[in-house]
Amino acid sequence: MKKIGIVGTGFMGTTHAAGWAATPAQISGFLAKPQQEASTLAKQYNAKNYPDLDAMLSDVDVVDICSPTHLHHEMILRTVAAGKDIICEKPLARTTKQAYEIVKACREADVKLLVAHVVRFFPEYALAQAEVANGKIGKPAVIRLHRGSYRPKKPAGNWFLDEEKSGGILMDLMIHDYDYARWIAGDVETVFAKNVSRQHPDAPVDYGLVILGHRSGAISHIAGSWAYPPPTFRTHLEIAGDRGLIEFDSEDTAPIQNLTLKSGGADAPDVGLPASPVSESPYTIQIKEFYAALVDGKTARITPEDGLAAVQIAEAAIQSAQTNQPVYLTPLDGGLK
Amino acid sequence: MKIGILSFAHHHGEAYISNLRNMDGVELLGVADDDTTRGERLAHQHEARYFPSYEALLEAKPDGVIICTENNKHLPLAEMAASQGINILCEKPIATKLADAKSIVDTCDKAGVLLMTAFPMRFSAPLLEIKKRLDNGDFGDVYCFNGTNQGELPTVYRDWFADPELAGGGAIMDHTVHLVDIMRWFLEAEVETVYARSNHIFHADEVDVETGALEMLTFDNGVFASIDASWSRPPYWPTWGGLTFEMVTQRGVVVMDAFRQNINIYSHDVKRANWAYWGSDINHAMVKEFVDAIRENRPPKVTGIDGLRAVEATLAAYESLRSKKSVRVKAS
C-alpha cells in the first residue's frame, strides 16, 4: 500500500484527496500554508497535518503536489532527492527550464513523475482522442479548443492572477488545451498568442487566443476565457480532419439545465468547474490511473515529457503575446539550450 | 429602376435575381455572361432576359449592375460599367490583387458612380442588433474577437472558387473578408497587422489551394482578433457553414452565431440532419441598400473602400504565410 502526502489544500488538493480515497492508497497527510484548510482535510481523512516538506518526505511513498505553480520546481526537486514518486498538478512548472530540470532529475533518479493534465481523463475528450486515433476522421487538419470561465477567486493572495506565479491565463488555463492539441495532432512547432490583459492591463476580464502550428501540418486554435459571468464553465472542442469532423460543446450536451429559482445571488466556486454528471469524476479516473502506474508500473496516458512540452508551449505563448510575433519551439528531445 | 446582373460565375447571381424581383419599383433588366452556355441556361431557368454580351446589357442603360464574375475579373467590368455612368455592386472580394482593387475604387470615384461591395453580413439582423448596442455603449470597450467563418469546399457551387488564379487563393481569400469587414464596421478601426497559418489537408487531392487557415489580426485601436477561415465543414454537414464570433468586452462576452436561426430537419429524402434557415435574408437587404442608395443618390452603407480594406488585410495574410511572421497591412 502506497502512502500519499498531498501538498496544497486548495481546490485541487481537496479534489485529489477525494480521488486517492477511491484507491487502496493511504492518505498519510497534508501540507499547506493555510493551516485551517490543511487541518480540516487532515481531520476528514484521518491523516496528519505536516509542519514542513521534510516531515512529509520522511513519512510517505508518493508526494502529490497541488501547490501554486511557481512552487512546483523546488518542491519536486526536493522530493526527487528523497527518492519519492511524484504526482504534479498542471502546469508541471512555471518555466520550460524548470520543467526540463524536473524531467531530467526524475529520469536520472528513476523516480516516477505523473503530471495531472486532467482533461485527458474527461470522458468526452478521451473519447474524441480515441476516435481520432482509430482513424474515424482521417488526418486532423484544424483543431479548435475552447475553455471558458471566470477569473479564479481566492480568499487571500490570489496567485492565479499573478502572472509571475501562475503564468496567467495563457499558462494556467490554456495549458489544458495545448496538451490536448498535442495529444491529438502531435508536437508543436510554432506558437502565436494574444491575450486581453497583455493588451489592456486594466481590463476586468482576461481572454487568450493562441494559434499553434504542429509538425504534422495540423493547426490548432486555442481560446481561453476568464471573461464569463460566474458560475459559468464551458468547453468546446472541434477536430476537423480530411475524412470527418468531431465536435463537442458542453452547453449543448449538458444533460441537466438548472432553471430553478435561486434565493439571492448564486454562489460560485473559487475556480469554475465543468458540471456534466458522470458516475466517476475525471479527477478520480486520473488518480486511479496514476495509482496503477505507481503500483504496477502501468503506463499512464501522459508522460513527463508531455508535461514539459505543454509548459514549453505556454511559455512560448506568453513570449509571443509580448512580441506580436510567432515563437518557434526547440525540439525537446535534443535537450534544452 | 433597372438592374442587370453581369455573369453567373458566382452562384450569388442567381439569388440576386429573386432578390430583385421581390423589390418594389425594381426591374430585373436581364443578365449577361461570358460563359454563353451557363448564361443562357440560367437565364432560361430563371426566366430572365439574356443579353448576348456585357456590352449589350450595358447599352440597355441599367441604373446599376451587380458584378458576379470570378474574383480576378471584376476590374474590366467595373471599368466598362463606370465609363457609362452605371452604378456597381461588386461581389467580394472586390479583387485578388491590391492594384486591381485600388483601380476599381479609383475608376468609380472618377466616373462618379456608386460602388458598393457585396458584404451581406452588414445587413444581418443579429449583427445589426449587436452593432446598435455597441454604439449605445452597452458593452463598454471591446478587447478582442474570436471569429469563425468556416465553410464546405465551395467547389460544390463552382469549380473556380478553388482556382488559384481565378479566385486568387483558397480559404483565406474566400473567408477572410467577411469578418474583417464586420470588425472594421463594429470598431471603426483599421487592421494593422496579420499573422496567418494554413494547410492543405482537407480535400488535398481535389484542390491546389489552402483549405485550412487560422489568422490573428490586430487593429490600430489595440483590439485583436482571430479568424478561422477554413473550408472545414464536411460535405454532409447540416448546412453550408457559418459565421460566428465571441466578442470580448469590458462587460463580458457576446457570443454570436449569425446563421443559428434554423429549424432542424430529418428527412427520408436526404437521410442526414439538415438545418433550414429561417432568419432574415441578408442578400435581399444588401441589394435593397444598393437600390436605395442609387435612388437617394447617396453613398451606400458599405463602400468600395470597405472592399479595398478587406482585400488589403487578406493579402497581408498571404504575405504572412510567405514570411512566417506577423506582417503590417499595406494601406493604399
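So, which residues of α9(A) are buried? They are A:Ile175, A:His176, A:Asp177, A:Tyr178, A:Asp179, A:Tyr180, A:Ala181, A:Arg182, A:Trp183, A:Ile184 and A:Ala185. Buried here means under 20% relative accessible area, with exposed being over 50% and partly exposed in between, using a 1.4 Å probe and protein chains only. That makes 11 of the 11 residues in this helix, residues 175-185, so α9(A) is largely enclosed by the rest of the structure. Right after α9(A) comes A:Gly186, and its phi is positive, near 85°.

Quick housekeeping before I go on. This is a predicted model, where local features need pLDDT of at least 70 and side-chain atom pairs count only at pLDDT 80 or more, while totals for chains, interfaces and linings use all residues. Side-chain values use heavy atoms, leaving out hydrogens and water, residues are numbered from 1 along each chain as its sequence is written, and chains are lettered from A and ligands numbered from 1 in the order in which they are written.

Okay, chain A as a whole. You get 12 helices and 13 strands; these are DSSP runs numbered from the N terminus, H or I of at least four residues for helices and E of at least two for strands. Its radius of gyration is 19 Å, which agrees with the value near 20 Å for a compact globule of 337 residues. That radius is taken over C-alpha atoms, and the globule rule is 2.2 Å times the number of residues to the power 0.38. Of those 337 residues, 58% are buried.

Now look at helix α6 of chain A, residues 123-133. Its buried residues are A:Tyr125, A:Ala126, A:Ala128, A:Gln129 and A:Val132. Looking down the axis, they fall within an arc of 160°, so they line one face of the helix. The arc is that of the directions from the helix axis to the C-beta atoms. And why does that kind of spacing work? An α-helix has 3.6 residues a turn, so residues three or four places apart point the same way. The buried residues of α6(A) pack against β7 (140-149), our friend α9, β11 (234-241) and β12 (244-249) of chain A. After α6(A) you meet A:Gly135, with a positive phi near 85°.

On to chain B. This one has 9 helices and 15 strands. Its radius of gyration is 19 Å, close to the 20 Å that the globule rule gives for 332 residues, so chain B is as compact as a globular protein of that length. Here 60% of the residues count as buried.

Chain B has an α6 too, residues 125-135, where B:Leu127, B:Ile130, B:Lys131 and B:Leu134 are buried. Down the axis of α6(B), the buried residues fall within an arc of 100°, so they line one face of the helix. What covers them includes β7 (142-151), α7 (171-187), β11 (241-249) and β12 (252-257) of chain B. Just past α6(B), B:Gly137 has a positive phi of about 80°.

Last stop: is B:Leu243 buried or exposed? B:Leu243 is buried, with a relative accessible area of 1%, and its place is in strand β11 of chain B. Leaving out residues up to four places away in sequence, B:Leu243 touches several residues, among them B:Met121, B:His178, B:Ile182 and B:Phe259. A contact means heavy atoms within 4.5 Å.
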